[in-house]
Amino acid sequence: GSTILAEFTGSYAISGSATSTGSFGHAIITSGNPQTTLQIANTATDGDALLNFLLVGSSAWVMGLDDGDSDKFKIAQNTSLASGVKFTITEDGHVGIGTENPDSPLHVKAKNNGWDGSIVLEDDNDGKASMITRADGYLWFGHATSATDVTSNTTDILVLKDDQKISMGTRNHSSEILTVEGGISASGDFLGKSTSTGSFGQGHV
């Protein structure tokens with residue numbers, strides 16, 4: 001394909017009408033301006049400054065500033081920012097994954113009530129992975145033999161429920177505050193009030 005070479009040593013611009021179209025095989029843009037090589041702007045009263053990536057008949061992604069939503073920077077799987085937004089940065093520095101309204105420095109939201117709102121941490125050495133997720137009224141920490149198995153083949157490590165119950169080694173909580181699947185090894189004391197009661201299957205004192 002043809003190549004378009006645009007080289008600027010001063011303050012120059014390439015512009016066109018709202019209906020301008022065109023194509024070229026390859027473009028090289030160089031600039032003598034120390035501030036920026038490529039600037040995308042929209043001077044309309046209510047217009048987004050966007051950069052589109054298109055594979056004809058296959059996929060479309062867009063990134064840019066959403067003028068209609070507090071000038072947030074967004075990346076969407078679409079030809080516009082009207083829908084399909086996957087990633088958002090607000091002007092105060094909050095980052096949203098799966099949400100366009102992040103309420104903290106990092107806000108991850110599942111699109112369904114399940115694993116897709118998870119954070120996966122993969123070990124580069126052995127490929128094993130750990131996962132943190134929020135689903136079905138609990139905060140879950142787990143482990144898997146690989147990152148590809150975190151949604152289907154996991155080991156429960158720690159589960160915190162909304163009703164303040166905690167379980168370790170299982171997500172099946174009992175009626176008690178703490179449920180443990182497996183043994184407990186302690187080097188210190190088990191403490192309780194003088195009126196505390198309880199039972200053990202087998203105890204050694």
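**Entry 1: Trp61 and its surroundings**

I looked up Trp61 in this predicted model and found it in strand β4, which spans residues 59-66. Is Trp61 buried, partly exposed or exposed? Its relative accessibility is 33%, so I record Trp61 as partly exposed. I then searched for surface patches and noted a nonpolar one made of Leu38, Ile40, Leu51, Phe53 and Trp61. Together these residues offer about 460 Å² of accessible area.

**Entry 2: the β3-β4 hairpin**

I next examined how β4 is paired. Strand β3, residues 49-55, runs antiparallel to β4, and 7 bridges join the two. Leu51, a member of the nonpolar patch, has Met63 as its bridge partner in β4. Between β3 and β4 I counted the hairpin's 3 residues, and in that turn Gly57 has a positive phi of about 75 degrees.

**Entry 3: salt bridges**

How many salt bridges does a search of the whole structure find? I obtained 7. One of them links the side chains of Asp66 and Lys74, at 2.8 Å from N to O. I checked the burial of this pair and found both Asp66 and Lys74 buried. A further salt bridge connects Lys72 with Asp69, whose closest N and O atoms are 3.4 Å apart; these two residues are likewise buried.

I also inspected Asp163 and Lys165, whose side chains meet in a salt bridge at 3.5 Å, N to O. Asp163 has a relative accessible area of 39%, so I list this residue as partly exposed. Lys165 has 18% relative accessibility and therefore counts as buried, the limit being under 20%. Finally, I traced shared partners and found that salt bridges join Asp66, Asp69, Lys72, Lys74 and Glu100 into one network.

**Entry 4: the sheet from β9 to β14**

I followed the strand order of an open sheet of 6 strands and wrote it down as β9-β10-β11-β12-β13-β14, with mixed pairing. Which strands stand at the edges? They are β9 (119-122) and β14 (178-180); each has a single partner strand, so one side of each is left without a neighbour in the sheet. Neighbouring strands of this sheet are turned against each other by 10 degrees on average, direction ignored.

**Entry 5: pairing within that sheet**

I took the pairs of β10 in turn. With β9, strand β10 pairs in the antiparallel sense over 4 bridges, and Ile119 has Ile132 as its bridge partner in β10. The hairpin of β9 and β10 has 6 residues between the strands, and Gly127 there takes a positive phi near 80 degrees.

With β11 (residues 138-144), strand β10 (residues 129-135) pairs antiparallel over 7 bridges. Within this part of the sheet, Thr133 stands opposite Trp140 in β11.

I then turned to Ala144, which also lies in β11. Its relative accessible area is 1%, and I therefore record Ala144 as buried. The C-alpha atoms of Ala144 and Lys128 are 6.1 Å apart, although 16 residues separate them along the chain.

**Entry 6: the chain as a whole**

I closed with chain totals. The chain has 14 strands and 0 helices. Of its 205 residues, 20% are buried. Among contacts with a separation of 6 or more, 10% come from residues 24 or more positions apart. The chain exposes about 15100 Å², and carbon and sulfur atoms supply 51% of that area.

Definitions and conventions:
Residues are numbered from 1 along each chain as its sequence is written. This is a predicted model: local features need pLDDT of at least 70, side-chain atom pairs count only at pLDDT 80 or more; totals for chains, interfaces and linings use all residues. Side-chain values use heavy atoms; hydrogens and water are left out. Two strands pair if DSSP finds at least two bridges between them. Axes are lines fitted to C-alpha atoms, for helices over the stretch in contact, and angles run from 0 to 180 degrees between N-to-C directions. Buried means under 20% relative accessible area, exposed over 50%, partly exposed in between (1.4 Å probe, protein chains only). Contact means heavy atoms within 4.5 Å. Accessible areas come from the Shrake-Rupley method with a 1.4 Å probe; for residues, only the protein chains shown count as cover. Patches are made of residues with over 30% relative accessible area and no salt bridge: like charges are joined within 9 Å, nonpolar side chains (Val, Leu, Ile, Met, Phe, Trp, Tyr) within 5 Å. A salt bridge is a side-chain nitrogen of Lys or Arg within 4 Å of a carboxyl oxygen of Asp or Glu.
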